[in-house]
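Me: I am new to this structure and would like to learn how to read it with care. Could you take me through it one feature at a time?

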Amino acid sequence: MDNATVVSSSWIPLLYLVVVTCAAGVSSAAECNGDDRAALLRVKAQLGDPVRLSSWRPSTNCCAWEPAVFCSGEPGRVTGLALFSLAGVAAPVPPALGELTGLAVLQIASVRGMSGPIPPSFANLSLLEDLDITGTSISGPVPATHLAGATSLRTLVIADSRLAGPIPPSLAGDHPNLRYLDLSGNFLTGAIPPGLVHGSFRFLILSHNQLTGEIPRCYGDVDTVDLSHNRLTGDPSPHLFGIASPAAKIDLSWNELAFDMTGVRFPHHLRYLDLSHNRITGRVAKSLMDVRLEHLNVSDNELCGEIPAGRFMAAHGADCYARNRCLCGAPLPPCDGGP
């Protein structure tokens, strides 16, 4: 798998930073906290003094530094930091980030030369609410221990990187407010622990890993489930589908799931369904006739029989059903040589 091809869908923390940016106009004029300024200068040095951080100078107000230092309060505590597209960096994750103890939002994106594990100093970030790291070479295990104190964490994204090993079950219990989890595009193995996301409007994105085992029953009421490109097995249909499910997107493609689709009932407000490249048998479920899907793909399975016709089925082309065992009927050729 080429991790560089994995695109993170972590729009929640990005939206949060937009809000912080709009609110930072007043506080950014204030003089920043001296300890935070010193910590940011250590971050810059530990990254090898990248050119893009040239505005980070000891004699200036760190609340006005670019890119994206956000402050609040008097004197200004650094509550948000966004590091994007830092060219020429070849360094571990800066331990000095853990000295910014007022951080609520930390984003790192497209810094491919940043490597190594998340440092233990991240245990000091007890106020962290949104951590979004994408497009790096960060490795090691999922940093559950180092983030255990961040009990207000709502968003955890470490995607398109090089994490390895299992997802720690403790991640579920340590973060009761976690609603958005994206660990896609890594090298994670083992089973998916139950209870990783909480509350309403939940996202579970673990695609492009090497996860195995069955999908836990508790994820039947998650709004977005993307577990594609893993090695998952079993039958998720009794708990992941159903007309009462709140799911708007379900992507289970490129796994080893095996179940009979014939009688499965899909949520009426589902908009994205990809079950391609599995071992699904039976017929295409008639319940799909009542679902206004914007994306449907059940190709590369073992489905057979006539494709249901009518209502919303006309929106789906032949590619949606390609390379099954013996599907027929529009948009595929007619069954039994009929008209």
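**Reading confidence, domains and backbone**

Reply: We can begin with confidence, since this is a predicted model: over residues 1–28 the pLDDT stays under 50, and for that stretch the model has 56 contacts beyond four places in sequence. Where pLDDT is low, the predicted coordinates should not be read in detail.

Me: What is the mean pLDDT of the protein chain, and how many of its residues reach 70 or more?

Reply: The protein chain has a mean pLDDT of 90, and 90% of its residues reach 70 or more.

Me: Into which domains is the protein chain divided, and what distance separates their centres?

Reply: Domain 1 covers residues 31–183, while domain 2 covers residues 190–334. Taken over C-alpha atoms, the centres of domain 1 and domain 2 are 36 Å apart.

Me: How many residues of each domain are in contact with the other, and what area do the two domains bury between them?

Reply: An interface can be read by its contacts and by its buried area. Here 13 residues of domain 1 are in contact with 16 residues of domain 2, and the two domains bury about 1,300 Å² between them, with 59% of that area on carbon and sulfur atoms. Of the area that domain 1 buries against domain 2, 47% is supplied by Ile-167, Arg-179 and Leu-181, which is more than any other three residues give.

Me: Between domain 1 and domain 2, what is the count of salt bridges, and how many residue pairs are in polar contact?

Reply: The count of salt bridges between domain 1 and domain 2 is zero, whereas nine residue pairs are in polar contact across their interface, both residues of each pair being at pLDDT 80 or more. On the side of domain 1 that touches domain 2, the elements that give two or more residues are helix 3 (170–174) and strand 8 (180–182), and strand 8 gives the most, with three residues. By class, that side of domain 1 has ten nonpolar, one polar and two charged residues.

Me: Turning to the backbone, which residues does a cis peptide bond join, and where does Ala-68 lie?

Reply: For a peptide bond, the angle to read is omega. A cis peptide bond with omega of about 0 degrees joins Glu-66 and Pro-67, and Pro-67 is found in the loop between helix 2 (34–46) and strand 1 (69–72). Ala-68 also lies in the loop between helix 2 and strand 1, and although Ala-68 is not a glycine, its phi is positive, at about 55 degrees. Another cis peptide bond, with omega of about 10 degrees, joins Ala-330 and Pro-331; Pro-331 lies in the segment after strand 19 (326–328).

Conventions
Residues numbered from 1 in each chain as written. Predicted model: local features only at pLDDT ≥ 70, side-chain atom pairs only at ≥ 80, totals over all residues. Heavy atoms only, no water. Domains from an automatic or database assignment. Contact = heavy atoms within 4.5 Å. Buried area = accessible area lost by both parts, 1.4 Å probe. Salt bridge = Lys/Arg side-chain N within 4 Å of Asp/Glu carboxyl O. Polar contact = N/O pair within 3.5 Å; in protein donor to acceptor, adjacent residues only side chain to side chain. Helix = DSSP H or I, 4+ residues; strand = E, 2+ residues; numbered from the N terminus. Nonpolar A, V, L, I, M, F, W, Y, C, P; charged D, E, K, R; others polar. pLDDT = per-residue confidence, 0-100.
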